[in-house]
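Here's a quick walk through the charged pairs of this structure and one of its helices. Have the sequence and the model open as you read.

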Amino acid sequence: MAAIIACSWPRAELTTLAHRHQPAQPDALSEAVAACTANRERARLVADALRAGGPEALALKYTDTAAAQRMAALVQNPGKQLAEVNHAFRIAMRRLYRTRNIILHGGATQGVALDASLRTAAPLLGAGLDRIVHASYTEGLDLAARAEVALQLVDGETGLSTADLLEPPR
């Protein structure tokens, strides 16, 4: 689940940045984003802009600066960044599972870790479940395998883009 979430995160964040890029005067990026028909295309355009010009390439509000910085770091070094994110997501999923065991096997419904585990892992789990549901019914296990492989191949000689981490092979 952590790998699926880690691989779906870049496109979601890049797409959000694409919609939030609002220069005072329309620029080439805003016009290209407006012409796109799919989020995958929008994500690629923003990833390319961040790779070429860093977070300053986007005209964003102050509240979106951290997201732009995260995505700029990701497109510059996707293997390292995705490994770190995957590790953090994996820890959150394990904590949730351990909390589940404490409740199920120990009957401790008021544990000190319960609130923290739910606050951290529930949104991540929801995102992962959404991604699995959006994949076809038979693609669920294939999706998990693709996510694990994508984390290994990103930024290698395969040319795998951060916007295409969960795309099926063509």
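A salt bridge here means a side-chain nitrogen of Lys or Arg within 4 Å of a carboxyl oxygen of Asp or Glu. By that yardstick, the structure holds ten salt bridges.

Some ground rules before the details. This is a predicted model, so local features need pLDDT of at least 70 and side-chain atom pairs count only at pLDDT 80 or more, while totals for chains, interfaces and linings use all residues. Residues are numbered from 1 along each chain as its sequence is written, and side-chain values use heavy atoms, with hydrogens and water left out.

**Salt bridges across the chain**

Helices are DSSP runs (H or I, at least four residues), numbered from the N terminus. Here are three of the pairs, with N to O distances:

| Pair | N to O distance | Separation in sequence |
|---|---|---|
| E167 and R11 | 2.5 Å | 156 residues |
| D64 and R20 | 2.8 Å | 44 residues |
| R90 and E148 | 3.4 Å | 58 residues |

Take E167 and R11, whose side chains meet in a salt bridge. That pair links distant parts of the chain, with E167 in the segment after α7 (140–153) and R11 in helix α1 (residues 2–20). R11 and E167 also belong to a network of salt bridges that takes in R40, R44 and D164.

Next up is D64, which forms a salt bridge with R20. D64 sits in the loop between α3 (39–53) and α4 (65–76), and R20 is in helix α1. For accessibility, buried means under 20% relative accessible area, exposed over 50%, and partly exposed in between (1.4 Å probe, protein chains only). D64 is buried, at 7%, whereas R20 is partly exposed, at 44%.

Then there's R90 with E148. R90 lies in helix α5 (residues 78–106) and E148 in helix α7, so the pair ties together parts that are 58 residues apart in sequence. R90 is partly exposed at 28% relative accessible area, and E148 counts as partly exposed at 37%.

**A look at α4**

Helix α4 has twelve residues and reaches 16 Å from its first C-alpha to its last, close to the 16 Å expected at 1.5 Å a residue (the expected span is 1.5 Å times one less than the number of residues).

Which residues of α4 are buried? They are A67, A68, M71, A72, L74 and V75. Seen down the axis of α4, these buried residues fall within an arc of 160° (taken from the directions from the helix axis to the C-beta atoms), so they line one face of the helix. What covers them includes α1, α3 and α5, where contact means heavy atoms within 4.5 Å.

How values were computed. Helices (H or I, at least four residues) and strands (E, at least two) are DSSP runs, numbered from the N terminus.
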